[in-house]
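Please read the following with the sequence and the 3D view at hand. The text begins with a single residue, then widens to the whole chain and returns to particular places.

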Amino acid sequence: MEKLNIGIILGSTRQGRLSPQVGEWVQRIADERGDANYQIVDIADYRLPLLGEADAAEGAAAWNAKLAELDGFVFIVQEYNHSLSASLKNALDYAREAWNNKAAGIVSYGSVGGARAAEHLRGILGELSVADVRVHPALSLFTDFENGSVFKPADLHLVNLNGMLDQVLAWSGALKPLRVPAAPAAL
C-alpha cells in the first residue's frame with residue numbers, strides 16, 4: 001500500500017516564532033516511525049495577504065495545490081490571546097475543497113498548553129470537513145521551552161505524539177476513498 005502524505009502545518013508567521021522548533025520535533029519523531037511521508041508546510045512560505053485585501057491568486061493557487069497533495073495534517077498551533085494566530089486562520093480560509101475529507105491532529109503550545117487555541121481550531125476544522133483526532137499533545141511554555149525560547153519537550157509528550165500520529169494515519173487512510181474521484185460510468 002502506498003504511504004500517506006502528512007503535512008505538518010506551521011501555524012505562525014511571526015518573527016521569532018517557536019513553531020519551527022516544534023514542527024521539526026514532530027517531523028523527527030514521525031520520520032522515525034517510517035509509516036508515512038511527513039513534510040513541514042510553512043504557511044509563511046506562501047505569503048498570503050489578508051483574505052480579500054489583495055490579489056493573492058498565485059499564492060492561493062500554490063497553497064491549495066500543496067494541500068491537495070496531502071492526505072492529512074498535523075497542525076502546530078500556538079495560543080495568542082486565547083485563540084489561534086490570525087495567520088493560521090487566514091491560511092485556513094484560503095482553501096476549501098483541499099481540506100475536505102482529511103484528518104488532522106493538533107500539537108499546541110502556550111501558557112496552558114495552547115488548549116484554547118486547539119479548541120478554536122477544532123471548530124474551524126469541522127466547518128472545513130476535516131476530522132480532527134482526539135489525542136492532543138499540549139506543550140507548556142513554562143516546562144517545555146527553556147527560557148521561553150528553546151524547545152526542550154518532556155519525554156512524556158512522546159506517548160501523546162505517537163498516539164496522535166496513529167490516529168491521524170488511521171483516519172487519513174479511512175477517509176482517502178472519499179477523496180478519490182469516481183470512475184466515469186460506462187455508457
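N101 is partly exposed, because its relative accessible area is 28%, and values between 20% and 50% fall into that class. The model is a predicted one. N101 sits in the loop that runs between α3 and β4, the strand of residues 102–110. The backbone of N101 has a positive phi of about 60 degrees, although N101 is not a glycine. As background, most residues other than glycine have a negative phi.

Which residues does N101 touch, once neighbours within four places in sequence are left aside? N101 is in contact with S129, L175, L178 and R179. Another residue to look for here is P177, which is 76 residues away from N101 along the chain. The C-alpha atoms of N101 and P177 are nevertheless separated by 9.1 Å.

Now take the chain as a whole. The protein has five helices and eight strands. Read from the N terminus, the order of these elements is β-α-β-α-β-α-β-α-β-β-β-β-α. The radius of gyration is 16 Å, close to the 16 Å that the globule rule gives for 187 residues, so the protein is as compact as a globular protein of that length. The C-alpha trace spans about 65 × 40 × 25 Å along its principal axes.

Some totals describe how the chain is arranged. Of the 187 residues, 47% count as buried. The protein exposes about 9300 Å², and 54% of this area is supplied by carbon and sulfur atoms. Among contacts with a separation of 6 or more, 80% are accounted for by residues 24 or more positions apart.

The next place to visit is a pair of helices. Two packed helices are described by the angle between their axes and the distance between the axes. Helix α3 covers residues 86–93 and helix α4 covers residues 115–127; they pack at an angle of about 10 degrees, with their axes 11 Å apart. The angle makes α3 roughly parallel to α4, because angles under 35 degrees are counted that way. On the α3 side, the contact is made by L88, K89 and L92, and these meet L121, I124 and L125 in α4. By type, the residues of this contact divide into five nonpolar, no polar and one charged.

Two loops adjoin α3, and each holds a residue worth finding. N81 lies in the loop between β3, residues 72–78, and α3. Is N81 buried or exposed? N81 counts as exposed, because its relative accessibility is 78% and the class begins over 50%. V168 is 87 residues from N81 along the chain, and the C-alpha atoms of the two are separated by 27 Å.

Y94 is in the loop between α3 and β4. With a relative accessible area of 12%, Y94 is buried, because the cut-off for that class is under 20%. Apart from neighbours within four places in sequence, Y94 is in contact with L48, P49, L50, L51, G52, A56, A60, W63 and N64. One of these contacts, W63, is 31 residues from Y94 in sequence, while the C-alpha atoms of Y94 and W63 are 7.9 Å apart in space.

Further along the chain, S111 is found in the loop between β4 and α4. The relative accessibility of S111 is 38%, so S111 counts as partly exposed. Outside the neighbours within four places in sequence, S111 is in contact with R116, S140, L141 and F142. T143 lies 32 residues from S111 along the chain, and 9.5 Å separates their C-alpha atoms.

The last stop is N147, in the loop between β7, residues 145–146, and β8, residues 150–151. N147 has a positive phi of about 55 degrees and is not a glycine. With a relative accessible area of 73%, N147 is exposed.

Note on methods: Residues are numbered from 1 along each chain as its sequence is written. This is a predicted model: local features need pLDDT of at least 70, side-chain atom pairs count only at pLDDT 80 or more; totals for chains, interfaces and linings use all residues. Side-chain values use heavy atoms; hydrogens and water are left out. Axes are lines fitted to C-alpha atoms, for helices over the stretch in contact, and angles run from 0 to 180 degrees between N-to-C directions. Helices (H or I, at least four residues) and strands (E, at least two) are DSSP runs, numbered from the N terminus. Angles under 35 degrees count as roughly parallel, over 145 as roughly antiparallel, 65 to 115 as roughly perpendicular and the rest as oblique. Contact means heavy atoms within 4.5 Å. Ala, Val, Leu, Ile, Met, Phe, Trp, Tyr, Cys and Pro count as nonpolar, Asp, Glu, Lys and Arg as charged, and the others, Gly among them, as polar. The radius of gyration is taken over C-alpha atoms; the globule rule is 2.2 Å times the number of residues to the power 0.38. Buried means under 20% relative accessible area, exposed over 50%, partly exposed in between (1.4 Å probe, protein chains only). Accessible areas come from the Shrake-Rupley method with a 1.4 Å probe; for residues, only the protein chains shown count as cover.
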